[in-house]
Amino acid sequence: MMNKESIQHLFDSFDHSGNLSGYRELISGHINDTFLIQTDGPTNYVLQRINHQVFKNVPKLVNNKVLVSQHLKKKTKGKVLEFVPLRKDSNFCLQQDGSFWNLMIYIQDSVTYTVVPNREIAFEAGKLLGNFLNQTADLDASLLHDVIPNFHNMNFRFQQFKDAFAQADSKRLALAKPWISQINRLEKEMLILQHLKDEGKISIRVTHNDTKVSNCLFDTNDKGICMIDTDTVMQGIIHYDFGDALRSACNSAKEDETDLDKITFNVDFYHSYKEGFLEKVSDSLSALEIELLPLSVKTMIFIMGLRFLTDFLNNDLYYKTDYPNHNLDRAINQFTLIRSLENQSEKL
Ligand code: GN1
Ligand code: MG
């Protein structure tokens with residue numbers, strides 16, 4: 001548990017301005033712990049504990065984030081995520097208990113959405129990601145450390161799922177069973193992008209890899225500011241980012257909604273997002289890459305469903321959960337979204 005003293009101590013390790021006047025935990029994400037730090041000066045901060053169980057090399061991860069931010073800063077007059085160094089010229093703080101922390105400048109007057117409320121937000125979110133990908137297109141992706149190897153590798157995720165299935169307890173297996181036929185039915189199709197990537201038919205570039213809409217920052221007029229949560233920036237294909245973004249932007253409900261009637265895939269938001277996205281990045285995409293965009297959406301919804309179900313079968317080792325079947329509910333949510341998408345697939 002963090003108390004005011006420990007937050008103060010951590011905060012003071014960084015080269016910040018102002019004095020801490022208050023703090024609160026921001027409920028965001030399934031992996032890290034995040035705190036908003038209020039000061040008596042003009043700048044507030046975001047202090048984040050980076051989960052070193054999940055991210056095996058935090059120094060390299062922070063290095064990736066800083067590299068990408070510095071690159072983006074050269075390209076835009078607008079705001080970008082800015083990391084605050086430690087007093088002794090490092091961008092992260094390693095505590096005696098083994099925890100790693102980093103500090104960012106809080107971007108004032110900004111908002112995020114977990115569910116897209118209208119087409120304008122979808123369009124703006126698409127522009128944000130398009131911009132991010134366009135502005136990082138000339139950054140040598142091989143400079144980025146692979147923070148989680150095989151992160152969106154579908155073969156790897158299937159293998160993890162099969163291993164979890166083989167060793168799961170009978171109670172959890174019984175709850176997962178109704179979804180197995182859908183997984184089996186889709187397996188071949190869900191490997192298409194992976195095969196094309198492995199065959200070198202899709203370009204490798206800098207990708208964000210966690211593009212859900214809650215990682216888009218908007219100003220109070222609902223104009224996009226920038227993408228946040230760059231923990232997983234590394235090499236990838238454009239489809240990871242486009243697909244994962246629409247997985248959340250087009251879900252009419254939140255990621256763990258359990259009333260399945262509320263979960264539909266919003267095709268209007270798909271088109272608005274795609275329009276904003278392509279406005280910014282289409283120049284760097286091949287005809288094949290554009291043709292594969294719809295498939296990427298289904299693929300990324302699927303991979304998240306598969307990962308949630310895998311973690312459920314593994315007794316919730318990876319994602320933070322709020323109640324016993326939380327990961328199962330998240331998985332069912334994603335598989336329900338796929339069904340809604342399939343019912344309308346000709347409209348993409
Ligand atoms: C995790 O912790 P958070 O919310 O930033 C996960 C993403 C998933 C996401 C699902 C490192 O991100 O891959 O898409 O949950 N990040 C990691 O909401 O596994
Ligand atoms: Mg993340």
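**Group meeting: a walk through the model**

Okay, let me start with one residue: Leu288 comes out as partly exposed, because its relative accessibility is 27%, and the cut-offs put buried under 20% and exposed over 50%. Before I go on, keep in mind that this is a predicted model.

So where does Leu288 sit? It's in helix H10, which covers residues 287–291. If you take Asp311, 23 residues away along the chain, its C-alpha atom and that of Leu288 are separated by 33 Å.

Let's zoom out to the whole chain. DSSP-wise, we have 12 helices and 11 strands. Is the overall shape what you'd expect of a globule, or the opposite? For 348 residues, a compact globule would have a radius of gyration near 20 Å, and the chain has 20 Å, so the two agree. Along the principal axes, the C-alpha atoms fill a box of roughly 55 × 50 × 35 Å.

How much of the chain counts as buried? That's 54% of the 348 residues. On the outside, the chain exposes about 15,700 Å², with carbon and sulfur atoms supplying 49% of that area. As for contacts, take those between residues at least 6 apart in sequence: 72% of them join residues at least 24 apart. And for the electrostatics people, there are 38 positive and 45 negative charges, and their mean positions lie 2 Å apart.

Now the metal. Which protein donors does the magnesium ion, ligand 2, have? They are Asp210 and Asp229, each through OD, at 1.9 to 2.0 Å from the ion. Asp210 is in the loop between strand S8 (205–207) and strand S9 (216–219), while Asp229 is in the loop between strand S10 (224–227) and strand S11 (234–236). The two are 19 residues apart, so the pair links distant parts of the chain.

Buried or exposed, for Asp210? Asp210 counts as buried because its relative accessibility is 19%, with the line drawn at under 20%. Asp229 has a relative accessible area of 24%, so that one is partly exposed.

Last stop, Thr136. You'll find Thr136 in the loop between helix H3 (119–135) and helix H4 (154–167). Thr136 is buried, at a relative accessible area of 0%. What does Thr136 touch? Leaving aside residues up to four places away in sequence, Thr136 touches Val68, His71, Leu72 and Val206.

That's my tour. Questions welcome.

Terms used:
Residues are numbered from 1 along each chain as its sequence is written. Chains are lettered from A and ligands numbered from 1 in the order in which they are written. This is a predicted model: local features need pLDDT of at least 70, side-chain atom pairs count only at pLDDT 80 or more; totals for chains, interfaces and linings use all residues. Side-chain values use heavy atoms; hydrogens and water are left out. Donors are N, O and S atoms within 2.8 Å of the metal (3.2 Å for Na, K and Ca); water is not among the atoms, so sites may look incomplete. Helices (H or I, at least four residues) and strands (E, at least two) are DSSP runs, numbered from the N terminus. Buried means under 20% relative accessible area, exposed over 50%, partly exposed in between (1.4 Å probe, protein chains only). The radius of gyration is taken over C-alpha atoms; the globule rule is 2.2 Å times the number of residues to the power 0.38. Contact means heavy atoms within 4.5 Å. Accessible areas come from the Shrake-Rupley method with a 1.4 Å probe; for residues, only the protein chains shown count as cover. Lys and Arg count as positive and Asp and Glu as negative; His and the chain ends are not counted. The place of a charge is taken as NZ of Lys, CZ of Arg, CG of Asp or CD of Glu.
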